[in-house]
Each structure stands twice: as structure tokens, then as C-alpha cells.
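Me: I am new to this structure and would like a close look at one part of it, namely how neighbouring helices pack against each other. Please take me through it carefully.

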Amino acid sequence: MSEKSGRNEVEDVESTFAVSAPDMPCDQSFFETDLMNADLWVARGRYLMKALGRYSDALDAFERAIELDPSHARAWRGKAAALNNLDRYSEALEACKRALELDPFNSRSWIVKGFAHHSLGEYEEAVKSYDRAIELDPMGQDARRAWNNRGAALDNLGRHEDALRSYDEAIMLEPFDAYAWNNKGVSLVALKRYDDALLCFEKAIKIYPGYWTAWMNRGGCLKSLGRHEEAEESLEMARRIELS
């Protein structure tokens, strides 16, 4: 996706999902109750990755779980997600391959795999992975991310009309998905449908006022419409949010 068209966003399902209460132990002693329990090491890895953003430490935890139980599919998926967050995408694909050998019907593992392909610029492979995730769980909690990421991959392939349909599917599943509204706007800019794109960026901002990418894309769209003063205000807002 070129800068001229705007910036779209993809999500790694394991790093962006909110951490539920059972995954959020309050102190280190939780993890010291049974150092030979692979499930606890997976819980530790998820906590470090999703609550604290400590991806290297999370990777260590997932690898410890795998040492204890090499057939632990969630540990392999967690390892892949941690590697994605460390920009080690080729290694993430190898971990995903093992996770899917152990549990080929897990939609989250297919999304994590798609994210790695996407980050490597392998957009066709990314689309295939997202398609498989949607096929496995078309109405589940992960489907919205799969549709959104699928649209972003299609945008990068220049298939903007197809991308729009993917974003609409994501929005149908979650109407208050700021990422999908922003990404839909990016597709519309690529198609030179600037008025429609502006509405999408403004919808994303209404849902999430601190979404600096949407403010930035709104500014670029306003420039294309010749509304330069408003564009500068939007871009300045994006800069302030990014620096805050």
C-alpha cells in the first residue's frame, strides 16, 4: 500500500486480543506453583506478551512450555505470535506450521500464520491463511480480524474492490471496528472515492478518537479534496496523538 493511498492496519490475533482475567495473574508466585506445568508457562507467555508487551520474555516462556510438552499447540501458536511481534516472521511461520500440524482446525493459528505471510510481503499466501480461518470459524470472535486482515492483503495486491467487500464483512460482524473503517477508507482513497473515504476515516475517529493513523489518513484524504486547511489540522492532530 503506497503512502499516497494511505495506511492500512493488520492485527495479530494473539497480540491484540484483550487478556481475560484467568490469564492475568497478579504476582510472580502464580508461575512458581508448578514449574513443570506447560499450561502455566503458556499462561505466563500470554500475560507477558498481551498485558506487558514483553515479547522476548514471552518467547522464553512459550519455549519452556514446548520443552515440557512438545505437542502443546497453544504454546507453538504463542511462540509464533511472539516471533511476529519481534519481527522474526520466517521463524514465526515455522512455529505456525508446527501449531497447525498439531491442531489444523484452529482459526487463530491460521490468522497468526497469515500475519507472518503478510509481514513478509507474501500477500497471496496471507489471503489463503485468512480464508482458511474464516472457513473454520465464520461467525466466531476471530472472524472479524481475519476479514480485516484479508482486506489489507488484498489492498496490497491492488484488488481494492475485493478488499472493500472484506472490510464490509468485518464491519458487519463488528460495526464499531475502527480498524476496518480506517482500512475501508484506504481502499476508497485508492479508488479515488475521496468523499466516501472521508466518511470512513471520520467513523473510525468517532469510534476511537485517539486513532492517529485514521487522523493521518483523514488529512491525506482532505488534501486530495483540496481542503488544505482542514487537512493540516487533521495531520497536526495525528502528530500530537503519536507523540503523546
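Reply:

**Helix 3 and its neighbours**

This is a predicted model, and the mean pLDDT of the protein chain is 91, with 89% of its residues reaching 70 or more. One stretch calls for caution, since over residues 16–26 the pLDDT is below 50, although this stretch has 19 contacts in the model beyond near neighbours in sequence.

The part to look at closely is helix 3, which spans residues 55–68, together with the helices it packs against. On one side of the comparison stands helix 2, residues 38–51, which packs with helix 3 at an angle of about 165°, the two axes being 8 Å apart. An angle over 145° counts as roughly antiparallel, and helix 2 is therefore roughly antiparallel to helix 3. Helix 2 passes helix 3 in a left-handed crossing. From helix 2 the contact draws on A38, W41, V42, R44, G45, R46, L48 and M49, while helix 3 contributes Y55, D57, A58, A61, F62, R64, A65 and L68. By character, the residues of this contact divide into eleven nonpolar, one polar and four charged.

Helix 3 also meets helix 4, residues 73–85; their axes come within 9 Å and cross at roughly 155°. These two helices are therefore roughly antiparallel to each other as well, and here too the crossing is left-handed. Helix 3 takes part through Y55, L59, F62, E63, A65 and I66, and helix 4 through A75, W76, G78, K79, A82, L83 and N85. The residues of the contact between helix 3 and helix 4 divide into nine nonpolar, two polar and two charged.

For the wider setting, the unreviewed UniProt entry places the feature "repeat: TPR" at residues 39–72, 73–106, 107–140, 144–177 and 178–211. Over residues 107–140 the chain is 79% helix and 0% strand, with the end C-alpha atoms 9 Å apart, and over residues 178–211 the chain is likewise 79% helix and 0% strand, with the end C-alpha atoms 8 Å apart.

A further pair can be set beside those around helix 3: helix 6, residues 107–119, packs with helix 7, residues 123–136, at an angle of about 165°, and their axes are 8 Å apart. That makes helix 6 roughly antiparallel to helix 7, and their crossing is left-handed. In this pair S107, W110, I111, K113, G114, F115, H117 and H118 of helix 6 meet Y123, E125, A126, S129, Y130, R132, A133 and L136 of helix 7. The residues of this contact divide into eight nonpolar, five polar and three charged.

Technical notes. Residues are numbered from 1 along each chain as its sequence is written. This is a predicted model: local features need pLDDT of at least 70, side-chain atom pairs count only at pLDDT 80 or more; totals for chains, interfaces and linings use all residues. Side-chain values use heavy atoms; hydrogens and water are left out. Axes are lines fitted to C-alpha atoms, for helices over the stretch in contact, and angles run from 0 to 180 degrees between N-to-C directions. Helices (H or I, at least four residues) and strands (E, at least two) are DSSP runs, numbered from the N terminus. Angles under 35 degrees count as roughly parallel, over 145 as roughly antiparallel, 65 to 115 as roughly perpendicular and the rest as oblique. A crossing is left-handed if the near helix is turned anticlockwise from the far one by less than a right angle, and right-handed if clockwise. Contact means heavy atoms within 4.5 Å. Ala, Val, Leu, Ile, Met, Phe, Trp, Tyr, Cys and Pro count as nonpolar, Asp, Glu, Lys and Arg as charged, and the others, Gly among them, as polar. pLDDT is the predictor's confidence in each residue, from 0 to 100. UniProt positions are given in the numbering used here, feature names are shortened, and annotations may be inferred rather than shown by experiment.
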